[in-house]
Amino acid sequence: MEQNPPRLDPAIFTFPNRILFGEGARFSLGLELSRVGVNRPLVVTDPGVLKAGLVDAVLGGITSSVVFDRVQPNPTEDDVLAGLDQYRAAKCDGLVAIGGGSPIDAAKGIRLLVTHSGRLVDYDLTAGKSDLIRPDMPPMAAIPTTAGTGSESGRAALIQLPQNQRKTAVLSQYLLPTFALCDPELTRGLSPVLTAATGMDALSHCIESYLSITIHPICDGIAVEGLRQLSKGIETAVRDGSNAKARSAAMMGALLGGISFHKGLGVVHSLSHALGHTGRAHHGTLNAILLPHALRFNREAAGARMADLAGRIGLGRGEDAAGHLITLVELLLARLPLPRRLGAIDGLERTAIPDYARLAMIDHCHRTNPQKCDQHALEDLLDRAW
Ligand SMILES: [Fe+2]
């Protein structure tokens, strides 16, 4: 053995949380909370989820809970601090997040600050501070009402912070929800547009993580199966929201996508985090627009890997298979009710492309992107997607 080997970051394998998956999984909430000793949970959600009746559908007879419903899309630190105040005022002893990525991420932020001093910026992943996150946090349940974010099986929370003016990740294996209840019935009422946008977020997790430069064969296998489920499920769920099989496939694909990106993501997510920092642009919609451009950008560096992924989901083998993967994404997007250009998104300014690219360069996700990124390349990519 060499005495002074070159220093390489080791691959890190951690596996996810307790997950109950299937129609009716939500009815296990009471039992699961009692298993982890939670008597008075703070329910973290948003006004849309509450109005859709999904909080009632989940809570049923659990009367001891306190509902905090003020999480905004692309949640802010103010959302987290308001939830923290309510958690303390009501003397809660755990959290139940019900919703898409925003309530689940906000709940992770609240959970962190219940036991950790300072503000979220003190645990910023990009600044190398997420290692300060300890396991002593209250239990948390995640109950997704979309099939997209994968935050129910992910370690990160993305919150807009005022101190650094960007959508900031705090990330730790200790932030994995204590358990997740994945009940596809909760997504039955989701509109075709949101079904498509959240589904494309999940699909981009599977593809970006598979192409990521990190070594993680466990996540690779999970990404392949996630992509398989999503390529079956998204389009049918958009066309027929009551199709139980498609809703189940989409939710399983999203869950698997959330696990697969323990391996890291890529330039799609660095850019969509930057574009989503201000305004209310939907994360999944941004990813859907960016994904085909990012695949073409990555083809030179990751063509063989793209061909390998295409082969694994039955798109053929050989050099052309990388192109088949791009075609699959293009054809799927053509059939979904989503905008195809960034210029169609309210609140985004083409003149701000250099600012978006600068913010994306600070984001952590492109560090694992196969093609090396710089400011100029990211500006060019955004320009192509405009
Ligand atoms: Fe995402």
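**Strand 2, two domains and a bent helix**

In this predicted model, three bridges link strand 2 to strand 3 (residues 66-68), and the two run parallel. Within that pairing, Leu 42 sits opposite Val 66 of strand 3. Strand 2 also has strand 4 (residues 94-99) as a partner, again in the parallel sense, this time over four bridges. Here Val 43 is the residue that faces Val 96 of strand 4.

Strand 2 itself (residues 41-44) is covered on both faces. Pro 41 and Val 43 lie on one side, Leu 42 and Val 44 on the other, and all four are buried. That fits a general pattern: in a regular strand, side chains alternate between the two faces of the sheet.

Zooming out, the domain assignment splits the chain into domain 1 (18-187) and domain 2 (192-385). Their C-alpha centres are 24 Å apart, and 27 residues of domain 1 are in contact with 30 residues of domain 2. On the domain 1 side of this contact, the elements giving two or more residues are strand 1 (18-21), strand 6 (156-161) and strand 7 (166-171). Strand 7 supplies the largest share, with three residues. Sorted by class, the domain 1 side has nine nonpolar, 13 polar and five charged residues.

Helix 10 (residues 283-312) is anything but straight. Its 30 residues put the end C-alpha atoms only 27 Å apart, whereas a straight helix would reach 44 Å at 1.5 Å a residue. Helix 10 has a kink of about 100°, centred on Ala 302. Just after this helix comes Gly 314, with a positive phi of about 85°.

Terms used:
Residues numbered from 1 in each chain as written. Predicted model: local features only at pLDDT ≥ 70, side-chain atom pairs only at ≥ 80, totals over all residues. Expected span 1.5 Å × (residues − 1). Bend = angle between axes of the 7 residues up to and from the residue. Buried ≥ 20, exposed ≤ 12 C-beta atoms within 10 Å, placed from the backbone. Pairing = 2+ DSSP bridges. Domains from an automatic or database assignment. Contact = placed C-beta atoms within 7 Å. Nonpolar A, V, L, I, M, F, W, Y, C, P; charged D, E, K, R; others polar.
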